[in-house]
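Dear colleague,

I am passing on the structure we spoke about, and I would be grateful if you could look through it with the notes below at hand. They go through the sheets, and then the helices beside them.

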Amino acid sequence: MISVGEKAPGFKLPDHLGREVGLEQFAGRRHVMLLFYPLDFTPT
Amino acid sequence: MPETEQLLPRFRAAHTQVLGISVDSIFCHANWAHSLNGISFPLLADFHPKGATAQAYGLYLDGAGITDRATVIIDAGGVVRHASSVTPSGRRNIEELAALCERVDKEHGAGLADFPTPEGIGKVDALFVKSNCGHSLKALLARANLHLEDQVPLKNVTEDAEARNELKRLTGKDQAPCLVVQGKAMHEADDIVRYFVSGAADIG
């Protein structure tokens, strides 16, 4: 797992509402919380 | 995810954009989000190449081909401020994560602009859909995931002859999906989704 203090790796990915969302677009403007999860339609 | 959706105002107030991410496709995401009563924040498809972003964060579980259940908070400077796993079968504490984001925001100090208020989608006459139609489903899912049910009346032209006649009268044909806004017709599912997103989504 990535460590606190490291530079966050960039990404640009499609989302479920047809948008392309990249980390870069939030640089200097927003904090970002990434919720990684195993799979859709699974419990918890 | 529904707990997070409910706490979005708190994350927004802390100038934090929430993003969900798994190896599923955008179609799977949209259907799942709908089954959870609508998820409006982005669910990202780390689908191709599979799990590449999870790998970059050291959160891809090679043996199982899935991503760990883990949370990474990145500040506006692009630096990781929090990283934790609850394991795939574990549960996140969203309240605790909201408090962490508030702390990151406080330490960052002033200077970040507030999230913009969505402009709204205006007065929509109706969304006409067909049964068993993937394009109609796309528009329907976006309507639900952005919580637009009350603002976008739904008419099914397969099940309701009156709706079909109305669509023909309004647009000259019975092609669906079709979003009618102040008498103007929009037929492409992707255009309809974009229209909903541009008016109602508050990614910012």
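**A sheet shared by two chains**

In this predicted model, five strands make up an open sheet with mixed pairing, and their order is β2(B)-β1(B)-β3(A)-β5(B)-β6(B). At its edges stand β2 (43-45) and β6 (80-85) of chain B, each of which pairs on one side only. Direction ignored, neighbouring strands of this sheet are turned by 20 degrees against each other on average. Helix α5 of chain B, residues 94-108, packs on the sheet, where it touches β3 of chain A as well as β1, β5 and β6 of chain B, and its direction makes about 155 degrees with that of β3(A).

The strand from chain A deserves a closer look. On one side, β3(A) pairs with strand β1 of chain B (residues 16-22) in the parallel sense, over six bridges; within this pairing His31(A) stands opposite Thr16(B), and Val32(A) stands opposite Gln17(B). There is also a pairing of β3(A) with strand β5 of chain B (residues 70-74), here in the antiparallel sense and over five bridges, in which Phe36(A) has Ala70(B) as its bridge partner.

How enclosed is strand β3 of chain A by the rest of the structure? Six of the six residues of this strand, which covers residues 31-36, are buried, so β3(A) is largely enclosed by the rest of the structure. In a regular strand, side chains alternate between the two faces of the sheet. In β3(A), His31(A), Met33(A) and Leu35(A) point one way, while Val32(A), Leu34(A) and Phe36(A) point the other way, and all of them are buried.

Further along the sheet, β5(B) and β6(B) run antiparallel and are joined by five bridges, with Ile74(B) standing opposite Val80(B). These two strands form a hairpin that has five residues between them, and in its turn Gly78(B) has a positive phi of about 85 degrees.

**A second sheet, in chain B**

Chain B also holds an open sheet of four strands in the order β8-β7-β9-β10, again with mixed pairing. Its edges are taken by β8 (154-156) and β10 (184-186) of chain B, each with a single partner strand, so one side of each is left without a neighbour in the sheet. From one strand to the next, the twist averages 25 degrees. Strand β7(B), residues 124-129, runs parallel to β8(B) and is joined to it by three bridges; in this pair Phe128(B) stands opposite Lys155(B).

**Helices α6 and α3 of chain B**

Helix α6 of chain B (residues 134-145) lies across β7 and β9 (178-181) of the same chain, and it runs at about 135 degrees to β7(B). Helix α6 of chain B, together with β2 of that chain, is included in what covers the buried residues of α3(B). Those buried residues of helix α3 (residues 26-35) of chain B include His29(B), Ala30(B), Trp32(B) and Ala33(B). Just after this helix, Asn37(B) takes a positive phi of about 70 degrees.

With best regards

Notes:
Residues are numbered from 1 along each chain as its sequence is written. Chains are lettered from A and ligands numbered from 1 in the order in which they are written. This is a predicted model: local features need pLDDT of at least 70, side-chain atom pairs count only at pLDDT 80 or more; totals for chains, interfaces and linings use all residues. A residue is buried if 20 or more other C-beta atoms lie within 10 Å of its own, exposed if 12 or fewer, and partly exposed in between; C-beta atoms are placed from the backbone. Two strands pair if DSSP finds at least two bridges between them. Axes are lines fitted to C-alpha atoms, for helices over the stretch in contact, and angles run from 0 to 180 degrees between N-to-C directions. Two residues are in contact if their C-beta atoms, placed from the backbone, lie within 7 Å.
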